[in-house]
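Student: I would like to go through this structure and ask what lies behind the terms used for it.

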Amino acid sequence: MKKLVLIILVAFACNLMGIAYLIYHKIKFDGVVNVAVCLPRETIKGQMMLRGIKLYLSELADEHPALRKKIRLRVYDDKDDVKTAMALANQIGTDNTTMVVLGHNTNGAAYNAGKIYKRFGIIAITGSATGIEVTRENEWYFSVVPNDADQAAVMAAYIRSRGRNVTLLQSKSDENVYFSEKFKEVAREMGITITREWSFRSDAGLDRILRDIDGRESIPDFILLNTRKEDLLRILTALEHRTDLNLIGTSALTDSKVIGILNTLAEKKNLPVGHYLNGVHTVTPFLLDLADKRAYIFRQRYLQHFNQEPSWEAACYYDAMKLTAHAIERTALKASDSMLKKRKQLRKTLEEYNSSYHSVNGITARLYFNQDGCIERPYTIGQYVNGRFSPAYLQYRKDDTPDKHVLEKVLKGKAIWVNNALMRMKRIVYCGIKVNAIKKIDFTNGVFTADFYLWFRFTRGFDDKDIVFPDAGDPIALGEPIWELTSDGVTTRVFQIRATFKNRFDVFSFPFERHDLNIHFHHRSMGFNDLVYMKDSWGEPEASGDAAMEPGLDVGSNWRVEAIGSSHDIITHVSTLGIPDNAINPAIISYSRFNTHIGIARKNPFFPLVHVLPLFLAMGLVGVVDYAWARSPGRGFILLTLALTTALMNQVWLGNRVWVNYVTLVDYLFFGFHGLVFVAGVVQIQKIRLLQKDHRAQAMVLSRLFNIGYPLMVIIGFAWTAYYIRTLV
Amino acid sequence: MKKKLLILGLIAGCNLVWIAMLSSSGNQFARSFLKQLQKKDRIVVALAGPMTGGGFLNGRDMERGARMAIQDALDAGRLSNLQIRLSIFDDQNEVRTAMKIASEISLNREVVAVLGHYKNPTTMAASRIYKKNGIPMITGSATEKKATDKNPWAFGTVPDDVDQAVSIITHVKAMKRHITVIYEKDVYDNSLMASIEANAAEAGVEVRYKWELKGVGENADARLEQIISDLRAIHDPGVIIIATQSREAAAIIRRINHPGTDYTIIGTDTFATAPFYKAMTSLPQERAKPGYYVNGIYSTTPFIAEWAGPETNLFVDNYREMYDESPSWVAACYYDAMKVLIEAIELKHINGRQFREDRVHIRAALSRFSSPEEAVNGVAGQIFFNKEGRVKRQFAMGYYENQRFRPAFTQYQVIADEKESVFKKAIGSNVTVVAGKVFSQKKLVYTGMDINGVNSLNVISGEFIVDFFIWFRFVGDFDEKELIFENSEAPIRLKEPVLDITRDGITIRAYQVKAKFKQALRYDEFPFEKHHLIIRFHHKLQTDRKLVFIPDYLSMHAYLSPEYRQISLENTSGWKVNNVTQTRDRFMRQISSINLAYSRYNADISVERMDGRFALKILIPLFSLALFLFFSHLLSLDLARTRLFIIASIVLGAGICHYFLRVIHPSSTIIQVEFNFFAIYALGILSVLVIGVGILCRRMDTPRWINGFNLIGQGIHGLVIACLLVMNIIKLW
């Protein structure tokens, strides 16, 4: 009977487990959203794209673990090849388990695979293919990177601000033709004359054109290079000697592969890095330096995770993944619905992101689509300087806020109207600080005096003097510049400043600490949307003296300058500014801030030792208590009392030198010491008691335990302190 | 058995002594315990109002106000021999029920006075019965003049409809020159309408349309629809004044006031009550978009929490803490009614034993509060009754903004009778005359601060730098450049605003300020102290007769979204911002024997130590010393010299630490941590005494005494250390 009951119970339990397993898998299956990622997996660019996606998913796992569990990533390698991309698209479509595709990278792959996605009804979002044709007439394809129309608009505006005419040099592929048509349309609107259009199909044709350009005497204001990447290499190497030509290229010129090949070539010929690129103008869909605080946080996280600077592709695919996750969260997907119905629902949600009010806050911008399923925002335009892309002095930013003075701003040249969107001017000012001397470092009052050169490089119409040094002891007014130069419309001004600054000295690790002396400034009235301060990549102006000269310190100072560095970031304040409607979503007021950090360290390596020597002595005294006690119990206690008072005096002395409102590293050492003294005192008392009861053996054991245990505890304490101090370096 | 009884008796006796001692030191529990033991006289006060039915929220507020007044009196240590019991009666806002209840109360031999009733008709009907039976009645809500007039037993802590009408017309005069009135005769009887008409005519305001809402059931609905249809047909109805019950008022507002319409509507005090608010906010559009219907509606009110003087802050805070919402005018006026009744009870030493005499005495006491000199300070203003048994006070004007009822940007106050025309001329154009009185305009400026950061805090010198946004919301003109920041190190000049916009006639100007402030900081409780960093300012020229700053809670995100409450204070300072509160009070200034009061705005930034372990920095070494002193007791008397050496070293060490602490904190008073030092000095003396007594005993050859004294020394020493430990842990907690 018992056996029967047992068998029934086991069978029942097995059934229950089976049902539970099936239910679990049913639930699990229903909740999962498969997201396919199609990119050139073996290339650096492909890796960056994937890292951007993975970074967002790791953040999502922290913020919204349930949603993260829903999303399953499948990575495919399309090798940037059209045929492979199409084959993958067919595979994904036939499989019928994928809800969204992120990719593809190139216009060709995206356009051709997009046709297949459209046939199967699969949502695709690209963060790198900029072709207008990718999303136009394909309601299933979305783009979080601005397309070539935006690229053409910014390039035309830039050319117009510096000249009147342009020559087009283009290869006759479909992609390039689309872009040229768009550019010509915008150029016409802006009154730019296209003096000539060079087209080629073969390398021979290109060589002929290049010879022709090289031989001509009259040169246009700009030559627009609208070619494939391979052709760009030929053009830039062939025209390397023509520094008088203003070449402007599409975003293909910021491709890491193109830059890598050109730099390798220069290296082989013992030419400086950036030799072929310097002076060439180009655009990029996104530049982290000009983005807001979210982008700075993204950059830091990316660096932490991958130990590498993120590219614009990483940022755009981060946004693509973020947008997808938000749409999935917002869409009520039913398990019983067909895959096509679910995709349609998700697509509807994506289509509803159609204004800044109905958008997702991405790191590149607010993410929402126009009628063509593409995001709209301006490209960043700039020039290669010393092998690095430097943004131009005037940029554009999309303005979503309603403004009754639109026309006035457009007429005054403060804004442009492109593709039904208002693009406002954003000014870039390059600046630098060269520190001449650091004096009177006062740790008690948290101040220091700095003598330094400050320079700005900017185009006309900017008030460089209207700046605020928030940490200056007294307000600093920039007087007359000590040096000024205006060349090609770019003004460089150098000021000399000597002022006292407040500094936050963290003395937690005193006397082992190092400090950063900081000089910050931001513009008084122009917010981050209107002005960005950037570190000057052109180098120091000649008026700032010897570049290699170290800043001087006070004579006899115990400090030495370890490192000097400059950077820019954003300072942000949150306030409603008194608008009741802002109480739920307060206004964010941001300023671009320029920072210079002067790292200082102690000159004298014995300084820390001198400060904690009495403590070490006290520890030594405690260590020999047991030996002193052998002669007289009273001596042992006298030694302990001496050790205690010595440490106490040491602590009082240090506290008097550096009085702070928090517990410091040395305080922790003293806490540990007091613990040890207490243990030693208890051991001594116990020993006396044991001896009074004539338990000599037990007293001996206690004594030995202390003699072994005490040094061990001291060693552990020292090892921990040494390890901690090492982490500070 | 006897022993047990003795022990129990001793324990009980000791406990009583403890409780008595604690009570005398102000311990609440002990005091209430002792009070329980005392025999008290019981006094019953009846509170009659709508406890059920449509107006139950008003009944709820009446009860809350009255109960809070009793509690506040008890907390203040009053009513020591009395126990006031509130007996609640529900009249359901119905006249017949009110009359029945009034008869019942009158016959009740325990009841000495009545608070209520809520509505005008119920109050008038009941007051006649109270008058007949000789029982004093105080209403805090019935505004009809007849409710108290010609009835020596009836009093009102709310001003009457004549004052309400004056307030309405004063504001109308500044808005438009003609009005349309929709009223319910049952609610406001005749005095409000009569006063409105009389004052309007005198002030040159034309009553262009006047519609009475009457009938019941479907007839009433049909009449309402007809009125609304007529109203819509009018091109310019002027200011629409609505004097109806909450339900009808809500029905009218829902039909005529929504985004896109531009009516100017003033409601009577009904609009500022909980039933109206609830009726409006339960509408779907209002829930989807707060303020959809109610935004911009004005209403008279005898009390608004934000507008009431700084003296009422405590009442408002306590009320918010207890009920999680701001007190309505009903709650405030019944608080005042109960308060003045308590004053009367105390004045005449009422004990509830002879109900007829008690009632007569209470009435006589209430009648004595008849001039400002004899007035009781209420939360809605001074309480003293005129010949009609009413408080004489002006109604304030409030308006709805995003579902919050707030004081209107302009208020009026009587400054003189019209006959004093010289005074009027002296004041200038900023005055208006209504009902034979000269009213001056008082501007309200909604002000708020968002603190960005606090830097360079020096608790010794009391200096700190604050970076903050400050904004002003106002109507018309306001010169914010003339502000005086009282404790800023250098004068602060507001320069370029970061925001300057005007929408719907309301201007918002915001500035960013970063400046150094200075104040005396107390650190008696070092190292357990918290500090309050204050930023305060007032206007240089305009006194509080012309200008009042109101904390703009509606626009402060910190009050709405706790996630934004974090304010940066550089962590190297060792302090963190705990909380920021913003209030207003008055700044008094004397110019050649004239006292001038200025409205003052205060931001209080509460900071506390970031590192809770900071105190350990001082306490651990001190405990280490105290323990070593204890160890000295454990050594035998043979080691007396060693023991003395230990004691001397430790007391000296403690003395040096003490000296340096005083150097760092040069306070003139004893600071908290010093008690630990004093304890060590005392323990040092104790240790020396124990040694001395031990040596003496040895000489006297009484070795048992040596151990005894040593044990006593150890016991006292251990007890002192334990007490110090507990004291410091409590402080750290």
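**Burial, spread and domain contact**

Tutor: Of the 729 residues of chain A, 39% count as buried. The model is predicted, so local features need pLDDT of at least 70 and side-chain atom pairs pLDDT 80 or more, while totals for chains, interfaces and linings use all residues. Residues are numbered from 1 along each chain as its sequence is written, and chains are lettered from A and ligands numbered from 1 in the order in which they are written.

Student: What makes a residue buried?

Tutor: A buried residue has 20 or more other C-beta atoms, placed from the backbone, within 10 Å of its own.

Student: Why is chain A called more spread out than a compact globule?

Tutor: The globule rule is 2.2 Å times the number of residues to the power 0.38. For 729 residues it gives 27 Å, and the radius of gyration of chain A is 34 Å, well over that, so chain A is more spread out than a compact globule. That radius is taken over C-alpha atoms. Along the principal axes, the C-alpha atoms fill a box of roughly 110 × 105 × 60 Å.

Student: How many residues does each side give to the contact between domain 2 and domain 3 of chain B?

Tutor: Chain B has, among its domains, domain 2 (39–158 + 311–383) and domain 3 (161–301), with bounds from an automatic or database domain assignment. Domain 2 of chain B gives 14 residues and domain 3 of chain B gives 16; contact means C-beta atoms, placed from the backbone, within 7 Å.

How values were computed:
Two residues are in contact if their C-beta atoms, placed from the backbone, lie within 7 Å. A residue is buried if 20 or more other C-beta atoms lie within 10 Å of its own, exposed if 12 or fewer, and partly exposed in between; C-beta atoms are placed from the backbone.
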